[in-house]
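Subject: Handing over the structure

Dear colleague,

Here is the structure I promised to pass on to you. Please open it beside this message, so that you can find each residue as you read.

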Amino acid sequence: MESYALMIEEMREKAAAIWKRMQQKAPLVHCITNIVTVNDCANILLAAGARPTMAHHEAEVQEVTGGCEALVCNLGATENYHAMELAAAESIKEKHPVIIDPVGAGGSSFRREQIEKLLSYGNIAAIRGNASEMRAVFENCRTVTGVDVGVEDLIHPEKLIEAARRFSKEHDCVSIISGEKDIITDGDMVLSAANGDQLMSKITGTGCMSSVLLGAAFAVCEKGEYVQAAAAVTSAMGICGEFAAEKCREKQAGIMSFHLYLIDEMSKFSENILQKHSKIDVFI
């Protein structure tokens with residue numbers, strides 16, 4: 001029991017150290033993301049201490065992404081799929097981490113086909129989505145229409161975790177399944193991060209924001225640290241969600257206030273807060 005507690009503490013320390021490194025280095029993250037959340041993604045990166053750029057046109061994405069340190073491809077930006085391919089190829093050539101956010105993959109074969117194209121380049125660092133989106137990717141199947149989680153995908157989480165492990169091994173990447181407990185795996189290690197608040201599901205964009213933060217954290221890490229970097233990001237978003245929700249309850253504020261408080265809390269976030277409040281757990 002003592003060794004297990006030490007392992008958890010070590011994992012939290014590593015996550016906190018990565019967050020501090022990200023704030024110190026302020027990596028430039030190229031985000032090809034959907035129009036619904038592009039402003040939120042830019043602002044959450046700035047609040048966290050990183051730097052965003054949102055170049056979407058295929059005439060410039062290779063040049064822009066070559067000067068960045070990570071790329072995030074959000075599948076909600078359906079009009080920019082060719083730009084994603086060009087940017088991903090350039091990022092992989094430059095050995096920059098590429099993050100895929102499979103927004104809406106559960107209801108669109110068009111989006112799943114594009115994910116397969118991006119994965120075919122190899123060297124994709126991570127893929128992050130909710131349970132229904134991730135099962136759609138793992139099984140190449142329809143799960144739900146839209147971006148919400150289907151009830152069926154919450155019934156057997158152990159099957160989804162095993163599918164994530166297989167997928168991560170096959171593609172040599174980290175899989176992150178968001179939910180009440182975020183699940184993170186590289187195919188061998190499995191972590192959970194249990195921070196968060198139900199209000200996070202009442203505004204659009206928290207998943208997209210998490211994905212661009214993954215780009216920032218991965219940009220300052222070696223590949224062997226990607227699991228801990230993912231845990232740092234999911235915990236940080238969850239903790240900020242908890243703090244923002246608490247402030248809403250204190251002030252009897254509503255959803256739009258929560259949206260602003262979330263980014264506000266991220267602007268005040270630090271590695272010390274992460275280490276103190278994170279609910280990272282380890283499964284072998």
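What follows is a short account of what was found, beginning with one helix and moving on to the cores, the salt bridges and one histidine.

Please keep in mind throughout that this is a predicted model.

Helix 5 is a good place to begin, and it runs over residues 109-120. With 1.5 Å for each residue, its 12 residues should span 16 Å, and this agrees with the end C-alpha atoms, which are 16 Å apart. Which residues of helix 5 are buried? They are Arg111, Arg112, Gln114, Ile115, Leu118 and Leu119. Because these residues cover an arc of only 160° around the axis, they lie on the same side of helix 5. You may find it useful to recall that an α-helix has 3.6 residues a turn, so residues three or four places apart point the same way. On the face of helix 5 turned away from the buried side you will find the exposed residues Glu113 and Ser120. The buried residues of helix 5 are covered by several elements, including strand 3 (70-74), helix 4 (81-93), strand 5 (126-130) and helix 7 (157-171). After helix 5 comes glycine 122, whose phi is positive, near 75°.

Turning to the interior, the largest nonpolar core has 61 residues, and Trp19, Phe218 and Met266 are those with the most contacts inside it. Helix 9, which covers residues 226-251, gives the most to this core, with 14 residues. Apart from this core lies another, of 34 residues, which has Leu86, Ala105, Phe167 and Ile177 among its members. If you would like to look at one residue of the largest core in detail, tryptophan 19 touches, among others, Ala48, Ala232, Val233, Met266, Phe269 and Leu274, when residues up to four places away in sequence are not counted.

The whole structure holds 14 salt bridges, and I describe some of them here. Glutamate 85 and lysine 117 form one, with their closest N and O atoms 3.9 Å apart. Since glutamate 85 belongs to helix 4 and lysine 117 to helix 5, this pair ties together parts that are 32 residues apart in sequence. Glutamate 85 has a relative accessible area of 16%, so it counts as buried, whereas lysine 117, at 43%, is partly exposed.

A salt bridge also joins glutamate 139 to arginine 135, where the closest N and O atoms are 3.3 Å apart. Both residues lie in helix 6, four residues apart, which is about one turn of the helix. Here arginine 135 is buried, at 15% relative accessible area, while glutamate 139 is partly exposed, at 46%.

In a further salt bridge, the side chains of glutamate 265 and lysine 268 meet at 3.5 Å, N to O. Glutamate 265 is buried, with a relative accessible area of 8%, and lysine 268 is partly exposed, with 47%. These two residues also belong to a network of salt bridges that links Lys247, Asp264, Glu265 and Lys268.

Finally, is histidine 259 buried or exposed? Its relative accessibility is 14%, and as buried means under 20%, histidine 259 counts as buried. Histidine 259 lies in helix 10, which covers residues 255-267, and it touches Asp40 and Ile203, again leaving out residues up to four places away in sequence.

With best wishes

How values were computed
Residues numbered from 1 in each chain as written. Predicted model: local features only at pLDDT ≥ 70, side-chain atom pairs only at ≥ 80, totals over all residues. Heavy atoms only, no water. Helix = DSSP H or I, 4+ residues; strand = E, 2+ residues; numbered from the N terminus. Expected span 1.5 Å × (residues − 1). Buried < 20%, exposed > 50% of the residue type's maximum accessible area, 1.4 Å probe, protein only. Arc of directions from axis to C-beta. Contact = heavy atoms within 4.5 Å. Core = buried A, V, L, I, M, F, W, Y, C linked by side-chain atoms within 4.5 Å. Salt bridge = Lys/Arg side-chain N within 4 Å of Asp/Glu carboxyl O.
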